[in-house]
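Please open the structure in your viewer and keep the selection panel at hand, because each stop on this tour begins with something to select.

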Amino acid sequence: MNFEETQSFNQLKKHCVFLSDTKIADLFAQDKERFSKFSRSFGDIIFDFSKNLIDEKTIELLIKTAEQLNLRDKISDMFDGVKINMTENRSVLHTALRSNEESIKVDGKNIMNDIQNTNEALFKFAESVRSGEFKGVNGDRILDVVNIGIGGSYLGPLMAVEALKPYKTPLINFHFVSNVDGTDITETIKKLSPETTLFIIASKTFTTDETMTNAETAKKWIVEKLGERAIGNHFCAVSSNIELANKFGIKKENIFGFGDYVGGRYSMWGPIGLPLLISIGTERFKEFLDGARKADEHFKNTPFENNIPVLMALISIWNVNFLNTTSSAILPYDNYLRYVPLYLQQLVMESNGKSVDRLGNHTKYKTCPVVFGEVGTNGQHSFYQLLHQGTEKILCDFILPVLSHNETGEHQLKLLANGIAQTEALMKGKSDEDVIRELKEKGLSNSEIIKLLPYKVFDGNRPSNTFLIREITPETFGMLIAFYEHKTFTEGVFWNINSFDQFGVELGKQLAKRVLKDLKNTDDTLLNNYDSSTASLIEIVKNIRK
């Protein structure tokens, strides 16, 4: 069942009409307690959703809808290992990677034994790299770690290593290669010394085309510089295909796998997080997992009216499906968090960017919004013009750490002032009266004011959420990302879609194999049938590359 089939759906539609002419600013003026009513705290994170076009009735009806959708049971199903990824017949248990439960079963097997054994080996390996015990083939300590992966095997570790850079070991530098474009791997390795470089090949199947193409290039570079025997000292793998990884030349003890109950974009809590583990060490990595585990317990056990991930999802559903917002902006005001928008773009859009429900029917309602973002204050000089005066209203998530790891003069106060002010500006806007008064104070004539007035007015009434975080630590960061994971799951329940497959990434890659054959074919004839555009593009490329 999707949310349109619930008893409360029509009530929500009527309520939306009731609120349609309401200004968020007026709701604040009418209720001095609005912030306390529409904000929640957990640990060192405050979630403020008061600057949305909502009232208490809105939240009441949305929670009623969640209850009618049996959200609580569906949350339990996920944590209990029920195969909710029905198109691939898989459990969804990335939460097990950070769990302290003694037993979580999949097909009757306790997967916690495998997870704990893998973690022991993973932690031991990471600490050996950090300490210098693990050495290159010539006895040199590792100074550079290159992660080769794509999708979740790239975005998760990249985001996390950068976000927690204040906790990074100073002895090792980290690099990330994902694109099959040869420039990516070439520009990375040209700065490195093979004697002191360790490559992590992150591919669950050890067959991902982009990853293995880059891995072969890295292998060729190592072999040319250090010889065939060096492979085992300069490569490790995160893969469940031990046979292929070992055939590549990687020692079996340096191959770390995980079960098919962990999806790629949810995988950085386990072996895929190896770059982060090497960067911040075992104890800090455990704090990262602990933050996510606390978020899991909060999501699993807290009543919906105080449940931050559920409330995040309810606000999103309200904006997308009732107020017709089409996009969502992720706006972190912390330079260490600059890859968070990119990571959440994949998490949300690959999970919920779907138009077929769990019964195989095409949805008649909107599902996933377009997700984009940029670190503040850079974004303010880029797309914030559209946020304030564009034709589309966009739901914005502001992420504001209060304490900086680099307190320098007034930098942090100015950064926070900008972030908080943007939430106020989006909500309040600027009226005709405010503009006229401002321009009169500048000495402009009436005719000049009339001319400029329409360009200076801001409609306001644009929604935003704010995450106020005391400080970005491994724990608070793990908690924040887990909140977004659970928000995404909850949205999928409302839209009645499977948030855990990703067939949409496959078609283009399948067709690329056909195109590649024709690009390699030295004959003038094409091996496959194409439309005139595709055929012409292939022929032009072949002619240029002759």
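The residues lining the largest pocket divide into 15 nonpolar, 17 polar and twelve charged, and you may like to colour them by these three classes as you begin. Bear in mind throughout that the model is predicted. The lining has 44 residues in total, and if you select Ile150, Thr208, Glu210, Val505 and Lys509 you will have the ones that lie nearest the centre of this pocket. The space inside the largest pocket comes to about 1400 Å³.

Next, select the helices around this space: H7 (152–163), H9 (209–226), H14 (340–352) and H20 (507–520) are the elements that give two or more residues to the lining. Which of them gives the largest share of the lining? That share, eight residues, comes from H20.

Now return to two of the central residues, Lys509 and Glu210, and show their side chains, which meet in a salt bridge with a distance of 3.6 Å from N to O. This pair links distant parts of the chain, since Lys509 sits in helix H20 and Glu210 in helix H9, 299 residues apart. Are these two partners buried or exposed? Lys509 has a relative accessibility of 40% and therefore counts as partly exposed, whereas Glu210, at 15%, counts as buried, because buried means under 20% relative accessible area.

The structure holds 25 salt bridges, and the following stops show some others. Select Arg284 and Glu287, whose side chains meet in a salt bridge at 3.3 Å, N to O. Because they are three residues apart in helix H12 (residues 274–301), they are separated by about one helical turn. Arg284 is partly exposed, with a relative accessible area of 34%, and Glu287 is also partly exposed, at 31%.

Move on to helix H16 (residues 411–428), where Glu424 and Lys428 lie four residues apart, about one turn of the helix. They form a salt bridge whose closest N and O atoms are 3.1 Å apart. Then select Asp290, Arg293, Lys294, Glu297 and Glu475 together, which are joined into one network by salt bridges that share partners.

For the last stop, turn to the largest nonpolar core, which has 117 residues, and select Leu274, Phe288, Ile399, Phe467, Phe477, Tyr484 and Phe489, the members that touch the most other members. Centre the view on Leu274 and, leaving aside residues up to four places away in sequence, you will find it touching Leu122, Phe125, Ala126, Ile200, Cys236 and Val238. A second, separate core of 24 residues can be picked out by selecting some of its members, including Val146, Ala215, Ala218 and Ala245.

Technical notes:
Residues are numbered from 1 along each chain as its sequence is written. This is a predicted model: local features need pLDDT of at least 70, side-chain atom pairs count only at pLDDT 80 or more; totals for chains, interfaces and linings use all residues. Side-chain values use heavy atoms; hydrogens and water are left out. A nonpolar core is a set of buried Ala, Val, Leu, Ile, Met, Phe, Trp, Tyr and Cys residues joined through side-chain atoms within 4.5 Å. Buried means under 20% relative accessible area, exposed over 50%, partly exposed in between (1.4 Å probe, protein chains only). Contact means heavy atoms within 4.5 Å. On a 1 Å grid over the protein atoms alone, a cavity is a set of points where a 1.4 Å probe fits but cannot get out, and a pocket is an open set with protein on both sides within 12 Å along at least five of seven lines; lining residues have an atom within 4 Å of a point. Grid points are joined across faces, edges and corners, and a volume is the space filled by probe spheres set on the points. Ala, Val, Leu, Ile, Met, Phe, Trp, Tyr, Cys and Pro count as nonpolar, Asp, Glu, Lys and Arg as charged, and the others, Gly among them, as polar. A salt bridge is a side-chain nitrogen of Lys or Arg within 4 Å of a carboxyl oxygen of Asp or Glu.
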